[in-house]
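Please open the model in your viewer and keep the selection panel at hand. The tour goes from one selection to the next and says what is found at each stop.

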Amino acid sequence: MLKFLSAQSQQHSQATRRDFLKLGTLGLAGLTLSDLLRLEARAGIQHSRKAIINVHLDGGPPHMDTIDLKPEAPVEIRGEFQPISTSVPGIQLCELLPRMAAQADQFAFVRSLVGSAGAHDAFQCQSGFRKKDMQSVGGRPALGSVVSNLKGSPRDRAPLFVDLMQGRGQVRNSARPGFLGPSYQPFRPDISDLFERQLEKGMQNELKRLGQEHQVSLKLNPSLSLERLENRTTLLSELDTIRRKVDASGMMDAMDRFSQQAVSILTSGRLADALDLEQEDPAVLEKYSLGVASENQKFYTSEGPGATRKFLLARRMIEAGVRCVSISISDFDTHSSNFSRMRQLLPIVDHGLATLVSDLKERGMLDDVTIIAWGEFGRTPRINSKNGGRDHWPRVGPAILAGGGMRTGQVIGATDRTASAVTDRPVSYKDIFTTLYHNLGIDPHAITINDPHGRPQYLLDEGERLSELG
């Protein structure tokens, strides 16, 4: 099971070999992920490279303490942080974001995000819609689920939608398939027995039934325990046997989509390799490392310096063939100790985003991968005197975009002198999603998917692409 550990232990612990084996798979014949990708490229195997990395700032980030500082406002509004200049003349950011400031030409800063539902449910950041929209038929699907529906195949060796959101319980499962159904749910590595349950409870019966139809013995070895799986030779032998029998029997097409994908992912090994950071170049791993916390450092949230490696996992997921990856940085719900928490959290966001952008650019991937970082809403301009925090402020919030071939190095929108309301260029969640779909080569206002009643539904019912981004 992939685990993001507590702040105190996170930087000292790594997922074990057994954690990755619980995914049900390992890399084939000792090949690393990069080896596999190079071999596929030589063989002419091509996949769409367009992808989305959705960074959820869990709890709602304070816009006036991040990308929209108001140094001339009264002290109870402007807070403790000072603005700093960036590489783009006229753009200033919080002093806790120095790396992003140095790379400001690679980012677009939206200061006028409006239309928040005002709820601690990140679904709006996953779909553009509110939780209650079409709830009677299961709700609207997340963007990643839509992409899986439109572009996925049961034979994909990696799921198209991976949700690494390890945030608080109330937002953790915000990436939902809605009316598309469970076949299009995101893959969540933190749910260790996802494929184990599917195989043992569902596929076992399916294999037995279809094996009888095709007059071939197809079953999982009941003695293939976790301990035995630690032997790579045994594991590969078992998986190769299943794969050969499945392919030879012609039963793959008869399986339901989820079962087919489970077999493909199990017998590929690509996903487990991507999750195994021990296979990453140590020099690259070091670039994503923010540092080690001191023993006396107080952590206000669950995030420690090791959280920056979530950004590296996202990049590795994209390389493995995933098209939509969600990660989260908690906890921006700063009703208290806002400034102490920002001193801990903003360096993580700053280092993670800046390193991810540089890494993608060096690998020639940045134009194909769109990054969006945002939260459920902004925070109150006025600091609450009781706890030194900022409360919920759905009227306006921040969003940060990068990559995707977009025209960056600019600010979109503006707020008034207290960051209370938008004064120029309001941008809705659906505007952002129209832009994300466009970057994936999908027109959300022309393409439909059927709801459970067979009625076609446009991917988005409103919203305009941000023309400023090109």
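## A covered helix to begin with

Select helix α15, residues 309–319, which is mostly covered, with nine of its 11 residues buried. The model is a predicted one, and the values along this tour are computed from it. The buried residues of α15 are Lys310, Phe311, Leu312, Leu313, Ala314, Arg315, Arg316, Met317 and Ile318, so that list counts as buried under the cut-off of 20% relative accessible area. Just after α15, select Gly321, where phi is positive at about 115°.

## The whole chain

Now zoom out to the full protein chain, whose secondary structure comes to 17 helices and 16 strands. Of its 470 residues, 57% count as buried. Among the contacts in the chain with a separation of 6 or more, 76% are between residues 24 or more positions apart. The chain exposes about 19200 Å², and carbon and sulfur atoms supply 48% of that area.

## Two nonpolar cores

Which residues of the largest nonpolar core touch the most other members? Select Val55, Phe109, Met317, Ile329, Leu353 and Ile371, which hold that position among the 60 residues of this core. The largest share of the core, 10 residues, comes from helix α16, residues 338–362. Apart from this core lies another, of 39 residues, among them Val110, Phe123, Val146 and Leu469. In soluble globular proteins, nonpolar side chains tend to be buried together.

Stay with Phe109 and display its surroundings: leaving aside neighbours within four places in sequence, Phe109 is in contact with Ile67, Ile91, Leu93, Met100, Ala104, Ala399, Ile400, Gln410, Val411 and Ile412.

## A cavity

The structure holds seven cavities of 30 Å³ or more, and the next stop is the second largest, with about 80 Å³ of space. To outline it, select Leu57, Pro61, Thr66, Ile67, Leu97, Phe332, Leu346, Val349, Ala373, Trp374, Pro398 and Ile400, the residues that line the second largest cavity. The elements that give two or more residues to this lining are α16, β7 (369–374) and β10 (397–403). Coloured by class, the lining shows 11 nonpolar residues, one polar residue and no charged residues.

## From β7 to Gly375

Move on to Gly375, in the loop between β7 and β8 (378–379). Is Gly375 buried or exposed? Gly375 counts as buried because its relative accessibility is 2%. Not counting residues within four places in sequence, the contacts of Gly375 are His56, Leu57, Pro61, Cys125 and Tyr429; of these, Leu57 and Pro61 also belong to the lining of the second largest cavity. A C-alpha to C-alpha distance drawn from Gly375 to Ala399 should read 7.7 Å, although the two are 24 residues apart in sequence.

Further along, select Asn384, in the loop between β8 and β9 (392–393). Asn384 is buried, with a relative accessible area of 16%, and, residues up to four places away in sequence left out, Asn384 touches His335, Gly389, Arg390 and Asp391.

## Helix α17

The contact of Gly375 with Tyr429 leads to helix α17, residues 429–439, which is mostly covered, with 10 of its 11 residues buried. Its buried residues are Tyr429, Lys430, Asp431, Ile432, Phe433, Thr434, Thr435, Leu436, Tyr437 and Asn439. Just after α17, Gly441 takes a positive phi of about 80°.

## Backbone stops

Where is there a cis peptide bond? Select Ser330 and Asp331, which are joined by such a bond, with omega at about 10°. Asp331 is found in the loop between β6 (324–330) and α16.

Next, look at two residues other than glycine with positive phi, beginning with Met134, whose phi is near 60°. Met134 has its place in the loop between α6 (124–127) and α7 (143–151), and Met134 counts as buried because its relative accessibility is 18%, under the cut-off of 20%.

End at Ala419, a residue other than glycine whose phi is positive and near 60°. Ala419 lies in the loop between β12 (414–415) and β13 (422–424), and, at 0% relative accessibility, Ala419 counts as buried.

How values were computed. Residues are numbered from 1 along each chain as its sequence is written. This is a predicted model: local features need pLDDT of at least 70, side-chain atom pairs count only at pLDDT 80 or more; totals for chains, interfaces and linings use all residues. Side-chain values use heavy atoms; hydrogens and water are left out. Helices (H or I, at least four residues) and strands (E, at least two) are DSSP runs, numbered from the N terminus. Buried means under 20% relative accessible area, exposed over 50%, partly exposed in between (1.4 Å probe, protein chains only). Contact means heavy atoms within 4.5 Å. Accessible areas come from the Shrake-Rupley method with a 1.4 Å probe; for residues, only the protein chains shown count as cover. A nonpolar core is a set of buried Ala, Val, Leu, Ile, Met, Phe, Trp, Tyr and Cys residues joined through side-chain atoms within 4.5 Å. On a 1 Å grid over the protein atoms alone, a cavity is a set of points where a 1.4 Å probe fits but cannot get out, and a pocket is an open set with protein on both sides within 12 Å along at least five of seven lines; lining residues have an atom within 4 Å of a point. Grid points are joined across faces, edges and corners, and a volume is the space filled by probe spheres set on the points. Ala, Val, Leu, Ile, Met, Phe, Trp, Tyr, Cys and Pro count as nonpolar, Asp, Glu, Lys and Arg as charged, and the others, Gly among them, as polar.
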